[in-house]
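Biologist: Please put the model up. I would like to settle the terms and then go through the packing, the rings and a few single residues.

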Amino acid sequence: MTSRGTAKVTLPDDETILVTREFDAPKHLVYKAWTTPELVKRWWNAKRGEVTVCEIDLRVGGRWRYVMVTPDGTEVAFHGEYREIVPNERIVSTEVFEGAPQEEGQPEVGTVNTLTLIEVDGRTTVTIETKAPSKEVRDAIIASGMEAGLQDALDLLEEVAVSLR
């Protein structure tokens with residue numbers, strides 16, 4: 001694949017992470033790979049562990065949860081709620097890292113993520129906008145090493161989408 005590791009990560013403002021990457025697959029296949037549990041299990045781990053939970057209730061107000069166990073036994077889990085769904089075009093959802101500190105009795109601190117798929121000539125540009133509640137949260141996400149894992153996960157996502165042809 002010529003597009004390995006080609007996601008562009010930018011910080012357009014103090015609360016936003018913007019990821020853009022082109023895929024050699026039509027948007028309906030990228031969307032299917034993004035929203036089908038058995039397919040998500042093939043790419044979300046970014047080759048860093050085994051996905052043990054992949055729950056997707058793909059409807060507005062529906063919830064999602066992914067859990068991965070790393071080779072050293074560490075559990076990494078995220079969950080969220082779908083806010084907007086336009087099949088094959090756009091998904092807006094919340095995302096909470098279950099390992100992040102949360103204040104008791106307060107709303108969960110997480111991000112709002114917007115996935116956008118635009119297809120031209122059978123290739124799909126994927127844009128992921130992550131809105132954090134503060135610069136500190138955005139910077140903590142960047143400092144976590146998320147970009148390396150994201151690059152690997154998106155490479156795998158492309159492989160899965162292409163395999164659906």
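Modeller: Contact means heavy atoms within 4.5 Å. Helices (H or I, at least four residues) and strands (E, at least two) are DSSP runs, numbered from the N terminus. This is a predicted model, in which local features need pLDDT of at least 70 and side-chain atom pairs count only at pLDDT 80 or more, while totals for chains, interfaces and linings use all residues. Residues are numbered from 1 along each chain as its sequence is written, and side-chain values use heavy atoms, with hydrogens and water left out.

Biologist: Which residues in α4 do Leu29, Val30, Ala33 and Trp34 in α1 meet?

Modeller: Helix α1 covers residues 27–35, and α4 covers residues 146–163. Across from the four α1 residues, the α4 side consists of Leu154, Leu157, Val160 and Ala161.

Biologist: At what angle do α1 and α4 pack?

Modeller: Two packed helices are described by the angle between their axes and the distance between the axes. The axes are lines fitted to C-alpha atoms over the stretch in contact, with angles running from 0 to 180 degrees between N-to-C directions. The crossing is right-handed, that is, the near helix is turned clockwise from the far one by less than a right angle (left-handed if anticlockwise). The axes of α1 and α4 are 9 Å apart, and the angle is about 115 degrees.

Biologist: Which helix gives the largest share of the largest nonpolar core?

Modeller: A nonpolar core is a set of buried Ala, Val, Leu, Ile, Met, Phe, Trp, Tyr and Cys residues joined through side-chain atoms within 4.5 Å; buried means under 20% relative accessible area, exposed over 50%, and partly exposed in between (1.4 Å probe, protein chains only). The largest such core has 36 residues, and Val30, Trp34, Trp43, Trp44, Leu154 and Leu157 have the most contacts inside it. Its largest share, 7 residues, comes from helix α4.

Biologist: How far apart in sequence are the parts tied together by the pair of Trp44 and Tyr66?

Modeller: Rings of Phe, Tyr and Trp (its six-membered ring) pair if their centres lie within 6.5 Å, and planes under 30 degrees apart count as stacked, over 60 as edge-to-face and the rest as tilted. By this rule there are 5 aromatic pairs. Trp44 and Tyr66 make an edge-to-face one, 5.2 Å centre to centre with 70 degrees between the planes. Because Trp44 is in the loop between α2 (37–43) and β3 (50–56) and Tyr66 is in strand β4 (residues 63–69), the parts they tie together are apart in sequence by 22 residues.

Biologist: Is Ala46 buried or exposed?

Modeller: Most residues other than glycine have a negative phi. Ala46 has a positive phi of about 55 degrees although it is not a glycine, and its place is the loop between α2 and β3. Its relative accessibility is 4%, so Ala46 is buried.

Biologist: How does Asn88 count at 26% relative accessibility?

Modeller: Asn88, also not a glycine, has a positive phi of about 65 degrees. It is found in the loop between β5 (75–86) and β6 (90–97). At that accessibility, Asn88 counts as partly exposed.

Biologist: What is the C-alpha to C-alpha distance between Arg165 and Ala25?

Modeller: Arg165 is in the segment after α4 and is exposed, with a relative accessible area of 57%. Not counting residues up to four places away in sequence, Arg165 touches Asp24, Ala25, Pro26 and Leu29. Arg165 and Ala25 are 140 residues apart in sequence, and in space their C-alpha distance is 8.2 Å.
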